[in-house]
Amino acid sequence: MMKRVGIKDVAAAAGVSATTVSHILNAVEGKRINPDTRQLVLEAAERLGYLPNNLARGLRLSRSYTVGFLSDEIATTPHAGQIIKGAQEAAAERGLLLLMLNTGNDRELERKEIDLLLQHRVDGILYASMYHRMVEVPEQLRSVPTVLLDARSDDPAFPSVVPDEEQGGRTATRELLAHGHRRIGFVTNSDDIPATSGRLAGYRGALAEAGIGFDAALVSADRSDAQGGYRAAHRLLDTAQRPTALFCFNDRMAMGAYRAAAELGLAIPGDLSVIGFDNQELISENLFPALSTVALPHYEMGVRAIAQLQAVIDAPEPAGGPRSQEVLHCPLVSRDSVAPPPRL
């Protein structure tokens with residue numbers, strides 16, 4: 001078995017005292033150390049493969065250097081994996097270990113898993129939702145630094161990182177307007193969640209900017225999956241004055257809209273332009289034609305949530321008011337499903 005490289009080994013290789021090595025590798029403040037000596041120690045540590053003993057360091061600083069990632073269903077959904085990747089990479093850059101737990105929306109299991117994380121003395125917890133929604137934060141999380149990820153609470157004590165749903169809806173509608181569409185339908189979700197209201201507000205705002213009045217008859221709501229998208233789109237398209245373009249609440253509903261268009265003999269994008277939301281690449285890149293959509297910034301959300309959590313860990317008591325509620329931009333991903341309207 002290979003011997004673990006310690007501070008004394010680095011000190012011997014660099015020709016300095018173990019105390020000097022400890023000060024350099026632990027970034028002890030207030031110690032005046034010659035830059036050449038610092039460089040010598042760092043090179044020796046890298047050459048020998050020295051790894052810091054976070055357990056000992058944690059005991060000294062009352063830190064575990066681990067954070068929990070507690071989600072309802074994110075860990076079991078492939079399209080949201082970028083949230084996990086962003087959080088993992090941001091945590092690793094800060095020397096933190098990310099512990100993943102998935103509750104499956106089971107409140108009793110959630111309670112037990114939070115207790116488990118607290119028993120492991122995690123420095124903080126990301127409380128993550130599969131989709132942007134309002135949550136009731138478990139009481140246990142008031143005892144540990146916590147950041148809400150893709151979720152918000154009425155309690156301003158909990159910082160959050162969420163996508164800008166309204167800006168995303170505005171971006172999608174502006175893309176259709178920019179191609180000359182004026183009669184734009186909105187295939188939307190029937191659930192009362194922030195994404196539903198936010199994307200509708202963006203749709204209405206973009207129409208107002210273009211001087212187009214809102215027409216409730218052009219909004220069709222249903223379940224936010226392919227079957228719901230099919231039904232909602234069919235209701236809009238099977239009319240004498242059909243829209244020339246559809247903005248769909250998400251890519252799954254857009255997939256259903258493709259089916260409805262095909263049944264009615266409408267070609268995409270020649271007869272009908274379609275734009276989605278979420279950028280679920282398994283769907284958007286594999287529809288024919290490939291679906292233009294607005295991306296949820298999953299990776300960036302994971303990164304920013306870790307940054308927020310680190311800030312709460314470093315400063316448990318906020319200075320100057322409530323914690324930050326961060327809203328991230330949703331970018332347009334242009335593909336092949338949007339074109340100018342047909343000449344009717």
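The buried residues of helix 6 pack against three strands: strand 1 (66-71), strand 2 (97-102) and strand 3 (124-134). Bear in mind that this is a predicted model.

**Around helix 6**

Which residues of helix 6 are buried? They are Glu 110, Glu 113, Ile 114 and Leu 117. Looking down the axis of helix 6, you find these buried residues within an arc of 105°, so they line one face of the helix. That fits the usual helix geometry: an α-helix has 3.6 residues a turn, so residues three or four places apart point the same way.

The length of helix 6 works out too. Its 13 residues (107-119) should span 18 Å at 1.5 Å a residue, and the end C-alpha atoms are indeed 18 Å apart. At the N-terminal end, helix 6 is capped by Asp 106, with a side-chain oxygen 3.0 Å from the backbone nitrogen of Glu 108. After the helix comes Arg 121, which has a positive phi, near 55°.

**Helix 8**

Helix 8 runs over residues 194-209; its 16 residues reach 22 Å from first C-alpha to last, close to the 22 Å expected at 1.5 Å a residue. Its buried residues include Pro 194, Gly 198, Arg 199, Tyr 203 and Leu 207. Helix 8 is followed by Gly 211, and here phi is again positive, near 75°.

**The nonpolar cores**

In soluble globular proteins, nonpolar side chains tend to be buried together. Here, the largest nonpolar core has 24 residues, and the members touching the most others are Val 187, Ala 233, Leu 237, Leu 246, Cys 248 and Val 274. Helix 9 (226-237), strand 8 (245-248) and helix 10 (251-263) each give two or more residues to this core. Helix 10 supplies the largest share, six residues.

Val 187 gives a feel for the surroundings. Leaving out neighbours within four places in sequence, its contacts include Ala 233, Leu 236, Leu 246, Cys 248 and Met 253. There's also a second, separate core of 22 residues, with Ala 90, Leu 98, Val 161 and Leu 309 among them.

**Three polar side chains**

Now for some side-chain contacts at short range. The table lists one for each of three residues.

| Residue | Partner | Distance |
|---|---|---|
| His 181 side chain | Thr 244 side chain | 2.7 Å |
| Ser 160 side chain | Gln 325 side chain | 2.6 Å |
| Asn 34 side chain | Asp 36 backbone nitrogen | 2.7 Å |

Is His 181 buried or exposed? His 181 is buried, because its relative accessible area is 0%. It sits in the loop between helix 7 (165-178) and strand 6 (184-189). Apart from neighbours within four places in sequence, His 181 is in contact with residues including Leu 176, Thr 244, Ser 273 and Pro 340. So Thr 244 turns up both as a contact and as the polar partner of His 181.

Ser 160 lies in strand 5 (160-163). Ser 160 also counts as buried, because its relative accessible area is 0%. Not counting residues up to four places away in sequence, Ser 160 touches Val 147, Leu 148, Ala 151, Arg 152, Gln 308, Ser 324, Gln 325 and Glu 326.

Asn 34 is in the loop between helix 2 (18-25) and helix 3 (35-48). With a relative accessible area of 42%, Asn 34 is partly exposed.

Technical notes
Residues numbered from 1 in each chain as written. Predicted model: local features only at pLDDT ≥ 70, side-chain atom pairs only at ≥ 80, totals over all residues. Heavy atoms only, no water. Helix = DSSP H or I, 4+ residues; strand = E, 2+ residues; numbered from the N terminus. Buried < 20%, exposed > 50% of the residue type's maximum accessible area, 1.4 Å probe, protein only. Polar contact = N/O pair within 3.5 Å; in protein donor to acceptor, adjacent residues only side chain to side chain. Contact = heavy atoms within 4.5 Å. Core = buried A, V, L, I, M, F, W, Y, C linked by side-chain atoms within 4.5 Å. Expected span 1.5 Å × (residues − 1). Arc of directions from axis to C-beta.
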